[in-house]
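Colleague: Thanks for making time to go through this one with me. Could we look at it together?

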Amino acid sequence: MSRGGFGSKDISDTFQEFLTGCAKVVMSLGGLATAISVGLLVFTCFKVGSDTTSASQMAEAVRNVGIFQKVLVVGVLGLGIGASYMFWGGEFLGAVQLALAAALYFAPLYLPSMLGDKSTEATQGAYGALQMGGSVLGIIGLIVVIIDVAIRVKQRVETGAKADQIKYGKGVKEESDKQNILLGKCWQLPFCRKFVREKCPIYLSKRTCWKELVGCMCEEAVIRAAMDDKPIPKDALLAANYIPQNNKLTMSQKKERCNSCIIYNEHQRHKYKVTMPAVVLTWALVWGLLHGPLIDAVTSLVEKINHVVNVGTLGAAGNYKPPTFFVESMLAVVMIIILTYGMKLVEFLYFKIKV
Ligand code: SF4
Ligand code: SF4
């Protein structure tokens, strides 16, 4: 039986290593194909963007652009999927993919002024190919960011901070007759143990341990008082005089204790559960109520960039009026990115720096 267990573990490890090896190869080959095809497309813009290009050279360039586009699309697919597997869960995976995608997608806005080219069939094809590569990578990046945030939100709502971040109260089980009041005080949360609570000056004074910076998970005196059955007045004001003082630790050391305590983590989880719907609701309201002004802002941004490029290329870029579908899609992508990074920010605030 146990041999079977080891055997299946070996098989899953070997399969995992095989998948990692495949992802590495796919990512490397994809990266190489992307770099080569982008280089060749940029070179094409440089080479055939002059008046001296003959008709046959132009036809050959257009044919080549078609091939480079196919290589670029396959390349970014390999690069995006391989990198997603290799660096899954990494903080910057989605952001880097989206930044690369944006650099490719917006190439027609900055490349003409850098290369000083004229608009030809081949250069237009090359810019279109770069945009296609950017779109494919952008879709992969967007999917990665959305899945990553959805998994993080689910985990944070269920467990709060990761178990390895907990030092105080690790392994303490929730009380069977637990309370769990949303945004409650420490004694209204599931880790307040009944036998300590009844003799706890924090509870009897109706205060909160993380505000006093001493409590049952970090101060021996609180537990000792409960074990020794030390009498504490039931009056809230008098009970407050029995809250132990710890002068050996600094304020920041005490806060540090709370940051790695299961009770404070539960409090953070409650804040997260309340903030998340508020963030999504605010986001939806902004999108819905300010849709008109947001569309105007995106349209004007695209037109301004086009104007700058047009001036830089001495009118070669022409006056671009972005179609409605393009502006709506761009706004949707920007809004999705804002929401996902807004959620990541909330997670960072509550579970990394623990505000
Ligand atoms: S310090 Fe601990 S025992 Fe006291 S009230 Fe808070 S959670 Fe309960
Ligand atoms: S470490 Fe902070 S949250 Fe945990 S019991 Fe002590 S005071 Fe309360």
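**Ligand shells and a helix pair**

Colleague: Which residues come nearest to ligand 2?
Modeller: Happy to help, and do keep in mind that this is a predicted model. There are 15 residues around ligand 2. The nearest are Cys209, Gly215, Cys218, Cys258 and Cys261.

Colleague: Which helices each supply at least two residues of that shell around ligand 2?
Modeller: Let's take the domains to begin with: domain 2 (160-166 + 261-355) and domain 3 (171-254) each give at least three residues to the shell around ligand 2. By class, this shell has 13 nonpolar, 1 polar and 1 charged residues. The helices that each supply at least two residues are H8 (209-212), H11 (251-259) and H12 (262-289).

Colleague: And ligand 1: how do the residues of its shell divide into nonpolar, polar and charged?
Modeller: Ligand 1 is surrounded by 13 residues, with Cys186, Trp187, Cys192, Cys200 and Cys216 the closest. Helix H6 (194-197) and helix H7 (201-204) are the elements giving two or more residues to this shell. The division is 11 nonpolar, 1 polar and 1 charged.

Colleague: At roughly what angle do the axes of H5 and H14 cross?
Modeller: Good one to ask, because two packed helices are described by the angle and the distance between their axes. The H5 (residues 121-159) and H14 (residues 324-352) axes come within 10 Å, and they cross at roughly 35 degrees.

Colleague: Is the crossing of H5 and H14 left-handed or right-handed?
Modeller: Residues in H5 including Leu142, Val145 and Arg152 meet residues in H14, among them Val333, Lys344 and Glu347. The contact has 9 nonpolar, 1 polar and 4 charged residues. As for the hand of the crossing, H5 and H14 are left-handed.

Technical notes: Residues numbered from 1 in each chain as written. Chains lettered and ligands numbered in written order. Predicted model: local features only at pLDDT ≥ 70, side-chain atom pairs only at ≥ 80, totals over all residues. Near = placed C-beta within 6 Å. Helix = DSSP H or I, 4+ residues; strand = E, 2+ residues; numbered from the N terminus. Nonpolar A, V, L, I, M, F, W, Y, C, P; charged D, E, K, R; others polar. Domains from an automatic or database assignment. Axes fitted to C-alpha atoms, helices over the stretch in contact; angles between N-to-C directions. Left-handed = near helix turned anticlockwise from the far one by under 90°. Contact = placed C-beta atoms within 7 Å.
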